[in-house]
Amino acid sequence: MVFFSVKPLFTVLVISLSLSLIVVLISIPSTPFSSNLSATTSSLHSEIWSVRRMFEWRPCKWWLEGHLTALPEETNGYIRVDCYGGLNQMRRDLCDGVGIARLLNATLVLPKFEVAAYWNESSGFADVFDVDYFIQHMKGFINVVKDLPAELVSKEPFHVDCSKRKGHFDYIESVLPSLLEHHYISFTPAMSQRRDRYPLYGKAALCQACYKALRLTRALEKKGSELLDAIPKPFMALHLRFEPDMVAYSQCQYSGLSTASMKAIEAAQGDRKPWTGEAALLWRNRGKCPLTPNETALVLRSLAIPRNTNIYLAAGDGLMEIEGFKSMYTNIYTKSVLLSGEDFTNMHGNTKAALDYYVSINSDSYVATYFGNMDKMVAAMRAYKGLYKTLFLNRRAFAEFTSQGLEGRELVKALWKSHTDDFVLGRGSALPDCFCEFKL
């Protein structure tokens, strides 16, 4: 892959360096770099998964016994949760909405998944999740209905706007009055809500919805199972984020990218320009910048992940700079290759995301380069299933080490220590809202 089309002499100079700070920051893979790193990691460590953990996360007892708190005989009304964005963002909104509905003693109507052209999406809740399974497994936690009573069936819900509230949002103060007045309302959960104020039965309903009651449709599970069977075992699922919109949104500067990648990022930036100068360095050192595929390969090798590892690439459309990663890790599998062309072409964004999710929660190990909605859901579901080979690559540590000038063996040691500390202590491996920490 060619990263510099204008300055070939500069490229040669950079590639001749081993693991200097410049190489890490501009993310240029090369054969000498790969071989040097392989030699360094193989002589220092065994694979990170061999490290003994001290803590793990398991479902909290109050969640598992949440159905023991009887539901009130009378409902305060009906709530529909309106969900926006990608699949895992909508799933997060739904989980929060279930907890809120229980808090307000409401009956839950099946959620509305908003059509979003940006996500190439037109599928609704019932197209992705098993409705009957959801209703059945929420019994005792909250009542869920497919249909409204006759007096409400012809009405549109009264919409309560939770988006413009400042500070911590209190649903009892702000939403319950509208529910009591109109009997049928809709809303999208506010980001600033305080789950710590929920009674345990409200939290339990949220957790039950998120990790127990949501199952993919049989058709999607069948497709996911076929995809899973097609991947050689054992394998690692890698959620790699380096799409143009992702990079543009991060406001991070990258040099050394291909001309095509730079043009794609610029097209996605709009008015959101990258930080420059000292501000750019401070932003990067706070861990705000997505790892490039080449930086990801460097970190994986520092963690002694073998180069012949089977890797399922859980990634969205438009992933950039992947060629450098594939030169280091060659056993790469994607849904676009494993599925038939017709199957893949006809899939919407939610379907693709659902398959990545299904494979990821069933993989032998899971590594994420970011900490987004999918990563949080996958990590928590893996903890629920008792799968603990889960790791989030530490962008902040990577940025700090490279800005300090660490290279070669010293960089590998530093990356190894920061990531093994995270793995040993179970950092980020589950959502504290629903899982409790257990010392091993």
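How close do the axes of helix H19 and helix H20 come, and at roughly what angle do they cross? The legends below take up that question and then turn to a strand; please keep in mind that this is a predicted model.

**View 1. Helix H19 crosses helix H20.** Here you can follow H19 (residues 349-361) and H20 (residues 373-384), whose axes come within 9 Å and cross at roughly 35°. The crossing is right-handed. Two packed helices are described by the angle between their axes and the distance between the axes.

**View 2. Side by side at the H19 and H20 contact.** From H19, look for Asp356, Tyr357, Ser360 and Ile361, which meet Met374, Met377, Val378, Met381 and Arg382 of H20. Sorted by class, this contact has 6 nonpolar, 1 polar and 2 charged residues.

**View 3. Strand S7 is covered on both faces.** S7 spans residues 235-239, and 5 of its 5 residues are buried. In a regular strand the side chains alternate between the two faces of the sheet. One side of S7 carries Phe235, Ala237 and His239, while Met236 and Leu238 lie on the other, and all of them are buried.

**View 4. Strand S7 and its partners S8 and S10.** With S8 (residues 310-314), S7 pairs in the parallel sense over 5 bridges. To find your place in this pairing, start at alanine 237, which stands opposite tyrosine 312 of S8. S7 also runs parallel to S10 (residues 365-368), joined by 4 bridges. A handy landmark here is leucine 238, whose bridge partner in S10 is valine 367.

Definitions and conventions. Residues numbered from 1 in each chain as written. Predicted model: local features only at pLDDT ≥ 70, side-chain atom pairs only at ≥ 80, totals over all residues. Heavy atoms only, no water. Buried < 20%, exposed > 50% of the residue type's maximum accessible area, 1.4 Å probe, protein only. Helix = DSSP H or I, 4+ residues; strand = E, 2+ residues; numbered from the N terminus. Pairing = 2+ DSSP bridges. Axes fitted to C-alpha atoms, helices over the stretch in contact; angles between N-to-C directions. Left-handed = near helix turned anticlockwise from the far one by under 90°. Contact = heavy atoms within 4.5 Å. Nonpolar A, V, L, I, M, F, W, Y, C, P; charged D, E, K, R; others polar.
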